[in-house]
Amino acid sequence: MTAAAFAAALALSLAAGCTNGDGPADDGRGTARPPSGTSTAAHGQVLAVKIDNVPAARPQTGLDAADVVYVEQVEGGLSRLLAVYATRLPETVGPVRSARESDLELLRQFDRPLLAFSGAQGKLLPLIGREPLEAVTPEGDGDAYYRGTDRAAPHNLYLRPGRVLPSAPGEAALTTGFRHGPAPEGGTPTASRTVRYPAARFTFTWSGERRRWEVTTDGIPTVTADGRRLAPATVVVQYVNVRGSGYHDSLGNHTPYTETVGSGAAQVLRDGRAYDVRWQRPRAADGTRFTTRDGTPVAFAGGQVWVVFAQAP
């Protein structure tokens, strides 16, 4: 294909509508999605799913099966989740929503991950197409998605992971740099910890009976669609720089960009205690290392990990 023909084809794809014919566009942030075909997932690829987290999207489905749940700030001070699956695949995940620029840097630590999302800001789509990942969209993998009937669009789009990934790749595919093992020495006994965004807040309360941190979102217990309380074994509050990106929504609000490459302070919650640590990720291709002040690696408890990105002071 000549350069001119390729440019024309790309322009045509970006002019295609974002709606699926059964509801409004994802969030009014663009009118196109990158081309995608039927997944050819290779062994070792994790599945990352962008999950809606506004009140109308709760309770979510399949979130409890994720190995890692990243919490990001989006427009209007709200939050959105990026769930990563490696050791098991739930039957259904969702609601699925649009991708953000920060997701691309965050996902470069994995080996060509699958990214399931529904829509993105129009100018971001070419960048997604150039990333070392495989896009899983309703347009390219339509038989993997369906619309639920219990809530209004756009909060009712769900993914069937088994239709894009033949089996869970296993823990070895999690190239996050996380270590599991005994807790470090010290720490501060902690009953609960709250992280606030401008228009969202998360509280993690230690349950000695469950040996987990029970999640509360915006003051309401966070449960799955079948009523089970979400409770990760480890919570990481990672202080990062959250700045404006070059993208904005239909109202002109700039999309926050969460910088996950670099270093800074963090707090690790496990076993009912809080540990003040340092994080380091020199390159986007690297996982994130967490260490004590003297450089000793910090291990996490076995089980699900939530990483909440908070604005550095």
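1. Lys50, Glu72 and Asp103 are joined to one another in a network of salt bridges. This network belongs to a predicted model, and the points that follow should be read with that in mind. Across the structure, the count of salt bridges comes to 15.

2. Among these pairs is the one between Asp64 and Arg228, in which the closest N and O atoms lie 2.9 Å apart. The pair links distant parts of the chain, since Asp64 sits in the loop between β1 (47–51) and β2 (68–73), while Arg228 sits in the loop between β12 (220–221) and β13 (234–248), and the two residues are 164 residues apart. As to accessibility, Asp64 is partly exposed, with a relative accessible area of 23%, and Arg228 is likewise partly exposed, with a relative accessible area of 49%.

3. A salt bridge also joins the side chains of Asp150 and Arg151, with an N to O distance of 3.9 Å. For a reader checking this contact by eye, the cut-off is worth recalling: the pair counts as a salt bridge because a side-chain nitrogen of Lys or Arg has to be within 4 Å of a carboxyl oxygen of Asp or Glu. Asp150 is exposed, at 59% relative accessibility, whereas Arg151 is buried, with a relative accessible area of 17%.

4. The side chains of Arg210 and Glu214 form a further salt bridge, for which the N to O distance is 3.2 Å. Here Arg210 is partly exposed, with a relative accessible area of 37%, while Glu214 counts as buried at 19% relative accessibility. The label given to Glu214 depends on the threshold, because buried means under 20% relative accessible area.

5. Turning to internal space, a search of the whole structure finds two cavities of 30 Å³ or more. The largest cavity holds about 60 Å³ of space.

6. Which residues line the largest cavity? The lining is made up of Tyr70, Leu106, Gln109, Phe178, Gln238, Thr260, Arg281, Thr288, Phe290, Val307 and Phe309. By character, these lining residues divide into six nonpolar, four polar and one charged. Arg281 is the charged member of the lining, because Asp, Glu, Lys and Arg are the residues that count as charged. Tyr70 is placed with the nonpolar residues, because Tyr is listed in that class along with Leu, Phe and Val, a choice to keep in mind when reading the division into six nonpolar, four polar and one charged.

Key:
Residues are numbered from 1 along each chain as its sequence is written. This is a predicted model: local features need pLDDT of at least 70, side-chain atom pairs count only at pLDDT 80 or more; totals for chains, interfaces and linings use all residues. Side-chain values use heavy atoms; hydrogens and water are left out. On a 1 Å grid over the protein atoms alone, a cavity is a set of points where a 1.4 Å probe fits but cannot get out, and a pocket is an open set with protein on both sides within 12 Å along at least five of seven lines; lining residues have an atom within 4 Å of a point. Grid points are joined across faces, edges and corners, and a volume is the space filled by probe spheres set on the points. Helices (H or I, at least four residues) and strands (E, at least two) are DSSP runs, numbered from the N terminus. Buried means under 20% relative accessible area, exposed over 50%, partly exposed in between (1.4 Å probe, protein chains only).
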